[in-house]
Amino acid sequence: MEHNTHSILGLLGLNSHEFIYWLSIVLFIGTYAMIVLEKVFHRVPAALLGGFLAIFIGVITPKQAWESIDHNTIFLLIGMMIIVSILIESGFFSILSALALKITKGNPFKIILTFTMLTAVLSAFLDNVTTVLFMVPILISITAKLKLKPVPYVIATVLASNIGGTATLIGDPPNIIIGSLGGFTFMDFIVNLAPIVLITHIIGTIVFIGMMKMQGLLEPQVKDPKEIERIVEEQRIEFDIVLMRKGLIVFGITIILFFLHHILHLEAGTIALFMASVLLLWSKEDPEKIFERVEWTTLMFFLGLFIVIGGLEHSGVFEDVAHFVAGILTDPMSGILILGSLSAIISGIVDNIPFTMAMSYVLIDLAKTASFNVEPLWWALALGACLGGNLTIIGASANVVAAGLAEREGYPIKFFDFVKQGTPVTIVTVIVALGLLYLKYLIFGL
Amino acid sequence: MEFKKNVFVQIEKFNWKNFSLAKDIAQKLGNGLYIVLVSFDKEEEEKIRKEVSKVCPNNKINSFSSFGEAKTFLEDFKPTLVMLSQEKINPLLHIFKHTDAEKFIKGLNNFNILLLWEEAEKAEKILINIDYETATEKYIQIAYSFTSKVAKEFSFIYSFYESFYEHMLMKTHADEEAKQLVAEMFKEHILEVKNLLKRALGGEDLPLLVIKGDPKKEVPYYSRTHGYDILIINHSIENKESYIENTENSIGIFLD
């Protein structure tokens, strides 16, 4: 374990492994508390303060902090935000939302059903963050025009995104890690997870739509068809088809390259930033104008959070958690329930990427020594890590991005608003998904 | 300018609503209408000939099997106005597909062109765009000559791309200074456009509508939302394709 002897802790003689171990936990809890207390602190400076305090006092060295930042996620976010910004500039989303409004006739139930279904399907084949970047602006625009409360609709869409993303190898970052470290193919995910996710999504949808109905959030506020027609027309603002065409061509190629990124040995983030640069050049749009639309605050939040979590990782907290989990995984059937539930809880509290990575190494070790087939545990980890992301606003990258987008439009998503909607859905979907996985192995054997 | 030779080009299907409007426009311009049919089968062509002869016995109809033949005919015939039907298409579909009219007019830069919106029935209110960079006296005169004969109401419009200039200037100047420079630029541009208009119209001082924003998006939007029947732009305008595709009513592309 490398600790900085020239740090403040080093100068005070407090750079023992044990002290740093506990300090990283205290820092994490402190940062988390600041994020939760959003009325007092904004979550971005809270995360940045936590991250840079960890470097400042020496819990993590600057080099380790730099390595803790998941550059792939940051590059993916920047690249897709640029592409989506150019599509926004072209008026694509207003045209698309006008169409969605026309199809759903402004009915809130149809809107939420259409959007969550579409989001889940898109998320299975696209990165969740990309899907959210694509869908949330449309949804906010529509719901605001229909005098509905946009926040619950946005949260429901994000929940659907995290559920849908669980179905495939490329749908969610934890699955990419599991596929890569566990040696699973695209088809392995389709066979083992897609049917479970389909049923889980249906049940999840019933839960969040039911909750919204009980809260009276699905009552139409605009009922007059003529008024809805007027809103549809109003939604069709200025557009530029030539720019839309360029944006969609680049977006399409980006998605194809995402599918091929394993073959090309390129990370999704590299592809996204490369294609964003191509689009910026081709569209001749002023980069400064486009960069104004990039969610820099969301990126800063990730930066801080990655460093805080990096502190936990480098001080060995993750390793201990992983070994603790490995110690209680004595057989695959109970392991499905234990590992799946633990992954869901931990992924809901910390970002699911470093956790999945730590657990993946534990499973690789376990496969060498265990007397049983560990494959079910990999699927339990995937289900828990992906679905657990719905527990809190910081559980998954897509949640943070959606919160940033909503805040920019004037509809901030409070930590507890998300928890109120996300927790019941997470509990139900995790129980259903792990139950189905358990049943599958019970019926068809290991 | 005299609009002596007006041609109505139809591709694959005949739009009778547009034919009636084209006939009306040609009449107002004081001349007859030549009809050019492209890619019609014999049976359909005969039907059209019969129907057209019932309403306008003097209309001449030429039929061609391909774009190339029809374009060669037009190059030789040298019409003063070429009218076509512009398919009404959802913008989302438009991303993936060019209309037949858009394909046909590609490279036709020597004629005044009028794309009649598929559902267009009248040409009473016309908006003439004045582009700061490319609009010429000749263009304004042609557009004015056409409009004054055809429309009951018309306006000249100029869109100042404020945010573009602001971003450009903010790279080299302080924010406040850049904003001040843009404000001065705005005044200068309006003055220059007004002077151009005055010179083109022989000293006549006609009002100019001034809006702000990306012209290729804002002008077609203004035209659509303010009930204009036709928007006129000039051939040399930058992003001509965007103006054509972003317009959801009839659009004229006139010589400059």
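**View 1. B:N59 counts as partly exposed, since 17 C-beta neighbours fall inside 10 Å.** Keep in mind that this is a predicted model, here and in every view below. B:N59 sits in the loop that runs between helix 2 (42–55) and strand 3 of chain B. Leaving aside residues up to four places away in sequence, B:N59 touches B:G32, B:L33, B:I35 and B:V52. How far apart are the C-alpha atoms of B:N59 and B:L196? They are separated by 39 Å, with the two positions 137 residues apart along the chain.

**View 2. Ten strands of chain B line up in an open sheet.** Reading across this sheet of 10 strands, the order goes 3-2-1-4-5-10-9-6-7-8, and the pairing is mixed. Which strands sit at the edges? Those are strand 3 (60–64) and strand 8 (208–212) of chain B, each of which pairs on one side only. On average, neighbouring strands of the sheet are turned by 25° against each other, if you ignore direction. Over at the strand 3 edge, strand 2 (residues 33–38) of chain B pairs with strand 3 of chain B in the parallel sense, over 5 bridges. Look for B:L37 here: its bridge partner in strand 3 of chain B is B:S63.

**View 3. Strand 9 (residues 230–234) of chain B is mostly covered.** Of its 5 residues, 5 are buried. B:I230, B:I232 and B:N234 point one way from strand 9 of chain B, while B:L231 and B:I233 point the other way, and all are buried. Strand 6 (residues 125–129) of chain B pairs with strand 9 of chain B in the parallel sense over 3 bridges. Strand 10 (residues 250–254) of chain B also pairs with strand 9 of chain B in the parallel sense, over 5 bridges. B:L231 is a handy residue to follow: B:L231 is the bridge partner of B:L127, and B:I251 in strand 10 of chain B is a bridge partner of B:L231.

**View 4. Helix 6 (residues 137–150) and helix 8 (residues 175–200) of chain B cross at roughly 65°.** Their axes come within 9 Å, and helix 6 of chain B passes helix 8 of chain B in a right-handed crossing. At the contact, B:E137, B:I140 and B:Q141 from helix 6 of chain B meet B:L196, B:L197, B:R199 and B:A200 from helix 8 of chain B. Sorted by type, the contact residues come out as 4 nonpolar, 1 polar and 2 charged.

**View 5. Over in chain A, helix 14 (residues 241–259) meets helix 16 (residues 268–283).** The axes of these two helices come within 10 Å and cross at roughly 160°. Angles over 145 degrees count as roughly antiparallel, so helix 14 of chain A and helix 16 of chain A are roughly antiparallel to each other. The crossing is right-handed. Among the residues that helix 14 of chain A brings to the contact are A:L243, A:V250, A:I253 and A:F258, and those from helix 16 of chain A include A:I271, A:M275, A:L279 and A:W282. The whole contact divides into 12 nonpolar, 3 polar and 1 charged.

**View 6. Chain B touches chain A through 15 residues, which are in contact with 14 residues of chain A.** On the chain B side, the elements giving two or more residues are helix 4 (91–94), helix 7 (162–170), helix 9 (215–225) and helix 10 (240–246) of chain B. What is the make-up of that side? The residues of chain B that touch chain A divide into 5 nonpolar, 5 polar and 5 charged.

Notes
Residues numbered from 1 in each chain as written. Chains lettered and ligands numbered in written order. Predicted model: local features only at pLDDT ≥ 70, side-chain atom pairs only at ≥ 80, totals over all residues. Contact = placed C-beta atoms within 7 Å. Helix = DSSP H or I, 4+ residues; strand = E, 2+ residues; numbered from the N terminus. Nonpolar A, V, L, I, M, F, W, Y, C, P; charged D, E, K, R; others polar. Pairing = 2+ DSSP bridges. Axes fitted to C-alpha atoms, helices over the stretch in contact; angles between N-to-C directions. Parallel < 35°, antiparallel > 145°, perpendicular 65-115°, else oblique. Left-handed = near helix turned anticlockwise from the far one by under 90°. Buried ≥ 20, exposed ≤ 12 C-beta atoms within 10 Å, placed from the backbone.
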